[in-house]
Amino acid sequence: MLIRPFRPADRAVVEHLLTAAFGTPATTADSPPIEVGLNTALLGSDALLPHLALVAELDGVVVGYCISTRAAIGEAEALGLGPIGVLPGHQGHGIGTALIAETVRVAEEHGEGVVVLLGDPAYYGRFGFVAGSELGIASPDATWGEYFQALRLAAATDAHRGGFRYARPFDEL
Ligand SMILES: CC(C)(COP(=O)(O)OP(=O)(O)OC[C@H]1O[C@@H](n2cnc3c(N)ncnc32)[C@H](O)[C@@H]1OP(=O)(O)O)[C@@H](O)C(=O)NCCC(=O)NCCS
């Protein structure tokens, strides 16, 4: 498996991947999952960090995708991870794990302080994510509860406390 940065030529296959990963029985070509539109908006926004839009390739085929964009905790810069998705036929084989591990590695390399996401603690806990509240990071939506998760990296500081704000496209969901 190869993890590499997203390229514009990957756009259609990533849209298909996110549709498959997040689709429900109600999903149609005319009403894709919200993650598809969110991802398009993130890729076109000034919150895009091209080195943190990653695809996982297996035998030349894109089977996984993970994007992290510029977010904020109080006055400090942070990362918001998501959407992340793996093609249903390839789930459960470590691709999501590899995408998250590479995201954390690249984020550390670039001196990022904190990665934040909305996801299942049972999954993200294995990467060291904990409830944001344990780190003094307040969720933009109290109903997210324990699903609001954060990971402090080596460059985290005391400034990484307070209210979390995703990139603007998340507000438009
Ligand atoms: C979540 C997702 C990205 C994980 O990718 P993956 O390649 O399937 O994950 P991995 O193979 O690295 O890890 C699989 C492990 O995670 C667990 N897992 C996967 N998704 C989980 C979830 N939502 N909640 C809890 N555990 C989960 C699996 O049970 C498996 O556990 P095991 O190692 O004990 O067998 C992928 O399943 C997916 O695209 N899901 C649909 C879209 C989605 O929910 N995205 C995340 C929104 S936060």
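**Notes on the core, helix α2 and the ligand shell**

1. Let's start inside. The largest nonpolar core has 44 residues, and the members touching the most others are Tyr65, Cys66, Leu79, Val114, Val115 and Val116. Eight elements, α1, α2, β2 (53–58), β3, β4, α3, β5 (114–118) and β8 (148–152), put in at least two residues each. The biggest contributor is β3, with 7 residues. Keep in mind that this is a predicted model.

2. Tyr65 is a good place to look next. Setting aside anything within four places in sequence, Tyr65 is in contact with Val14, Leu17, Leu18, Val55, Ile84 and Gly85. As a general point, nonpolar side chains in soluble globular proteins tend to be buried together.

3. Now for β5. This strand is mostly covered, with 4 of its 5 residues buried. Its pairing with β4 is parallel and runs over 2 bridges. One detail worth checking on screen: Leu79 has Val115 of β5 as its bridge partner. Both Leu79 and Val115 are also on the list of core residues that touch the most other members.

4. Helix α2 spans residues 34–43, and its buried residues are Glu35, Val36, Leu38, Asn39 and Leu42. Looking down the α2 axis, these buried residues fall within an arc of 165°, so they line one face of the helix. The cover over them includes α1, β3 (61–73), β4 and α5 (168–171).

5. Ala72 deserves a quick look. It lies in strand β3, yet it counts as partly exposed because it has 19 C-beta neighbours inside 10 Å, where 20 or more would make a residue buried. Not counting residues up to four places away in sequence, Ala72 touches Glu77, Ala78 and Arg165. There is a long-range link too: the C-alpha atoms of Ala72 and Ala167 are separated by 8.0 Å, although the two residues are 95 apart along the chain.

6. Finally, the ligand. There are 17 residues around it, and those coming nearest are Gln91, Gly96, Thr97, Gly119 and Asp120. Elements giving at least two residues each to this shell are α1 (11–22), β4 (76–86), α3 (95–109) and α4 (121–124). The largest share, 4 residues, comes from β4. By class, the shell has 9 polar, 7 nonpolar and 1 charged residues.

7. One element to follow through the model is β4: it supplies residues to the core, pairs with β5, helps cover the buried residues of α2 and gives the largest share of the ligand shell.

Notes: Residues are numbered from 1 along each chain as its sequence is written. This is a predicted model: local features need pLDDT of at least 70, side-chain atom pairs count only at pLDDT 80 or more; totals for chains, interfaces and linings use all residues. A residue is near a molecule or strand if its C-beta atom, placed from the backbone, lies within 6 Å of it. Ala, Val, Leu, Ile, Met, Phe, Trp, Tyr, Cys and Pro count as nonpolar, Asp, Glu, Lys and Arg as charged, and the others, Gly among them, as polar. A residue is buried if 20 or more other C-beta atoms lie within 10 Å of its own, exposed if 12 or fewer, and partly exposed in between; C-beta atoms are placed from the backbone. The arc is that of the directions from the helix axis to the C-beta atoms. Two residues are in contact if their C-beta atoms, placed from the backbone, lie within 7 Å. A nonpolar core is a set of buried Ala, Val, Leu, Ile, Met, Phe, Trp, Tyr and Cys residues joined through C-beta atoms within 7 Å. Two strands pair if DSSP finds at least two bridges between them.
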